[in-house]
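Work through the following exercises with the sequence and the model side by side. Each task is followed by a solution in steps.

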Amino acid sequence: MKLAQEIVEAPITGTIISVEVSVGNQVEEGDVLLYIESMKMENPILAPVAGTVAEIRVSKEQVVETGDVLIIIEC
Amino acid sequence: MIGPLQTGFGALSWGNAVLICVGLVFIGLAIVKKWEPYELLPIGVGMLLANLPGTGLLVQPHEVGGEFGSAGILGVFIEFGLLRYTILPQLIFLGLGAMTDFSPLLANPRLLLLGAAAQIGIVIAFFGALALGHFGIADFGLMEAACIGIIGGADGPTTIYLTSQLAPELMGITAVAAYSYMAMVSIIQPGIIRALTTSKERKTYMKPQIRKVSKAERIVFPIVCIVLVILLVPRSAPLVGMFMFGNLLRESGVVDRLSDVAQNALMNIITIILMLCIGASMPGHLVMRPETLMVLALGLVAFACGTAGGVLLGKLMKVVSREPFNPIIGAAGVSAVPMAARVAQHIGQQENPRNFLLMHAMGPNVAGVIGSAVVAGAFLNLLG
């Protein structure tokens, strides 16, 4: 059975300062996936759904634009 | 007067002791809790220095016949930076302008309304203070009421500027109130936001801001603001003019060195001097006056009503908006940049992990800075 995919996009332009999950990790809704630094603030990006981290498209210190795909969660 | 062989212990009043303790609390909050450390740390030290007797640090040049050598360093800063020429808050506004990104506001200009609505707290506290004065409960006239009301703008330099112009004797207490409430924004605002909104409203998902604001828009905005706002409210020029000049340094892209100095070196130097002055403007005898507590209470009312005003207009905008609209971003209209925007972001994300309201909240947040500077200018036009 093919699982549904939840694509987590960058809500803000900034720099990834840390990725808190790895591929294969189980996450609950509201868990911190990564932090983006923008406007001199650390902004946590939370899991919108519970599931398994299927793909991580970004790494530490990478600059991301609003709308860039960050992480894909299978749920 | 303390003799050459005497210590300061005998001259220490209860008021001094209380304010030394308050200063120590501020220093503790800055270092341990990291609450507004850039403001609360120097304010706390200023309070300590001003309340230790016999130092001479607060002696202003005019008090010793213009003899600079006999004046104290804090007295020199206070006389020349705040009371006589009022240049310190204006220079802070230059730095703030250079640090401010107006893109969230320009991407969605209707958010300006939320920044205006949150100024209602200023008006409510203004009339509250006038009522206390009218009924003889406190010695507040029009000037004092305006300076107390402006605390609700949640903008320290604006509060300092207006108070130094209209009621300098209140400067220490209004400025400390403004900075303290700004530091406590994450404690004061959430309860008000939750009381005025339903869980469904707080969960409302707003799409990330995607409209790209062009460089031309960002350059034209401060220029248009300088001309239009100052024509409308001429006495707002010292604050709005410097704020928008700082922003033009940033957005023009041709004076990076000046923009860098305004954002960093100049801002840091002025912050050190201004915050020390604010702490030092809290002499011990002030705490013994009931008016001090009334100023603090009215300032809190102003701040709370400003938050409520922004949220309530947010609820109205939610009704008329075609796109989903989360009313809690209205709370960011009280200024307190960027703390108030972070509160909206935090609550929105807590209620719905998909939500990311920071950029939406930054619109009313920066609009609130312009709003409170314009209200201060209007007070000066009417009363100054």
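**Exercise 1. Find the bridge partner of A:G14 in β7(A), then place the pair in its sheet.**

Solution. Step one: the partner of A:G14 in β7(A) is A:V64. Step two: strand β2 (residues 14-19) of chain A and β7(A) are joined by two bridges and run antiparallel. Strands are DSSP runs of E with at least two residues, helices are runs of H or I with at least four, and both are numbered from the N terminus. Two strands pair if DSSP finds at least two bridges between them. Step three: the open sheet has four strands in the order β5-β4-β2-β7 (chain A), with antiparallel pairing. Step four: β5 (41-46) and β7 (63-64) of chain A are at the edges, each with a single partner strand, so one side of each lacks a neighbour in the sheet.

This is a predicted model, in which local features need pLDDT of at least 70 and side-chain atom pairs count only at pLDDT 80 or more, while totals for chains, interfaces and linings use all residues. Residues are numbered from 1 along each chain as its sequence is written, and chains are lettered from A and ligands numbered from 1 in the order in which they are written.

**Exercise 2. Trace the open sheet that has the order β1-β8-β6-β3 in chain A.**

Solution. Step one: this sheet has four strands, and its pairing is antiparallel. Step two: take the edges. β1 (5-9) and β3 (26-27) of chain A each have a single partner strand, so one side of each is without a neighbour in the sheet. Step three: four bridges link β6 (residues 51-56) to β8 (residues 69-74), both of chain A. A:E55 has A:I72 as its bridge partner in β8(A), and A:V53 stands opposite A:I73 in β8(A). Step four: β3(A) pairs with β6(A) over two bridges. There, A:Q26 has A:T52 as its partner.

**Exercise 3. Describe the overall build of chain A: how many helices and strands does the chain have?**

Solution. Step one: count zero helices and eight strands. Step two: check the extent. The C-alpha atoms fill a box of roughly 40 × 20 × 15 Å along the principal axes. Step three: of the 75 residues of chain A, 27% are buried. Buried means 20 or more other C-beta atoms within 10 Å of the residue's own, exposed means 12 or fewer, and partly exposed lies in between; C-beta atoms are placed from the backbone.

**Exercise 4. Which elements give two or more residues to the side of chain B that touches chain A?**

Solution. Step one: the contact takes 11 residues from chain B and 12 residues from chain A. Residues are in contact if their C-beta atoms, placed from the backbone, lie within 7 Å. Step two: the elements are α18 (339-351) and α19 (358-383) of chain B.

**Exercise 5. B:K34 and B:A154 have positive phi: is each buried or exposed?**

Solution. Step one: B:K34, not a glycine, has phi of about 60 degrees. B:K34 sits in the loop between α1 (14-33) and α2 (37-51) of chain B. With 10 C-beta neighbours inside 10 Å, B:K34 is exposed. Step two: B:A154 has phi near 50 degrees. B:A154 is in the loop between α8 (142-149) and α9 (156-166) of chain B. B:A154 is buried, with 34 other C-beta atoms within 10 Å.

Conventions: Two residues are in contact if their C-beta atoms, placed from the backbone, lie within 7 Å.
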